[in-house]
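Let's look at a protein model together. Have the sequence and the 3D view ready.

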Amino acid sequence: MAITAGMVKELREMTGAGMMDCKKALTETNGDMDAAIEFLRKNGQAKAEKKAGRIAAEGIVKTVVKDDKVAAIVEVNSETDFVAKNADFQSFVEAVVNQAADSDAADMDAFMAEAWAEDTSKTVKDALVEKVAVIGENLNIRRFEKVVTDGCVVSYIHGGGRIGVLVEAETDVVNDEIRTCLKNVAMQVAAMYPKYVSRAEVSQEYMDHEKEILLAQAKKENPEKPENIIEKMIIGRLNKELKEVCLLDQAYVQDSDLTVAKYVEKVAKENNANVTVKKFVRFETGEGLEKKQEDFAAEVAAQMGSN
């Protein structure tokens with residue numbers, strides 16, 4: 001069967017694959033459009049496997065909030081910042097975060113195995129594999145979290161998706177002032193990177209570990225001081241550290257005369273509300289991943305040399 005330019009164009013629009021790949025797929029399948037799509041998917045799988053060993057440490061974080069009650073946050077990685085800014089990639093991440101908001105999956109394996117909302121004949125993993133084939137880089141849906149509340153949940157995105165935050169609060173009033181307050185708290189989480197909401201969440205194991213470190217520091221700095229003085233020094237230093245790692249104890253960035261707890265209390269009082277910050281989720285793109293350190297010019301030269 002003769003393969004026309006119109007057939008190639010149609011297949012390209014349906015799959016996003018390259019023109020020559022589309023022509024080859026149609027030639028191999030004697031012009032059968034469905035079989036050609038399947039051919040490209042299988043070819044995409046092969047490409048994805050080749051790319052899977054490459055480090056994907058760039059990318060973006062996206063969030064979605066539905067009716068103040070349901071929210072999701074995802075991190076999807078790419079190999080390069082260039083692809084992270086690509087509209088096709090960003091559209092895919094948007095679909096992933098919406099999938100997460102509607103998902104009941106308890107872990108990443110279950111999430112990847114569920115039907116892809118935009119085409120239920122595929123799984124989420126299939127959709128990812130196809131996107132790898134289209135974009136030409138290793139991509140990775142690294143993590144997701146869903147928050148469901150009876151109170152209010154808000155989101156904040158910083159730096160075009162470099163950092164994303166969800167903040168959940170128990171509140172008997174949900175209005176623009178309360179949402180703005182929680183959004184400001186989310187900005188605080190993005191900027192100040194707390195580990196806990198409050199001291200009540202801090203484990204005894206963490207406290208003991210920090211005391212051990214502070215004790216060693218204090219004894220080294222003040223070898224002549226008696227044990228009871230050193231003990232008081234450790235308590236003071238530990239309290240200072242807790243003010244840094246506990247969100248509600250932190251000085252509020254937009255008004256350093258207040259702690260975050262006092263700021264929330266103030267807004268709650270102004271709105272005749274009872275507001276308690278219950279949880280936050282903070283994702284930072286590439287956090288903990290080894291980033292590829294390569295000279296772009298050298299990479300291009302290497303690719304040209306291999307052709």
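The questions below cover cysteines, a core and a helix.

This is a predicted model, where local features need pLDDT of at least 70, side-chain atom pairs count only at pLDDT 80 or more, and totals for chains, interfaces and linings use all residues. Residues are numbered from 1 along each chain as its sequence is written, and side-chain values use heavy atoms, with hydrogens and water left out.

Reader: How many disulfides does the structure hold?
Author: A disulfide here is a pair of cysteine sulfur atoms within 2.5 Å. For Cys181, the nearest cysteine sulfur is 9.8 Å away and belongs to Cys152, and Cys181 is in no disulfide. Across the structure, the number of disulfides is zero.

Reader: Is Cys181 buried or exposed?
Author: Buried means under 20% relative accessible area, exposed over 50%, and partly exposed in between (1.4 Å probe, protein chains only). Because its relative accessibility is 2%, Cys181 counts as buried.

Reader: Which helix gives the most to the largest nonpolar core?
Author: A nonpolar core is a set of buried Ala, Val, Leu, Ile, Met, Phe, Trp, Tyr and Cys residues joined through side-chain atoms within 4.5 Å. The largest one has 28 residues. Helices (H or I, at least four residues) and strands (E, at least two) are DSSP runs, numbered from the N terminus. With seven residues, the top contributor is H8.

Reader: What do the buried residues of H8 pack against?
Author: Among the buried residues of H8 are Ile178, Leu182 and Val189. Counting contact as heavy atoms within 4.5 Å, the partners of the buried H8 residues are S6, S7, H11 and S8.
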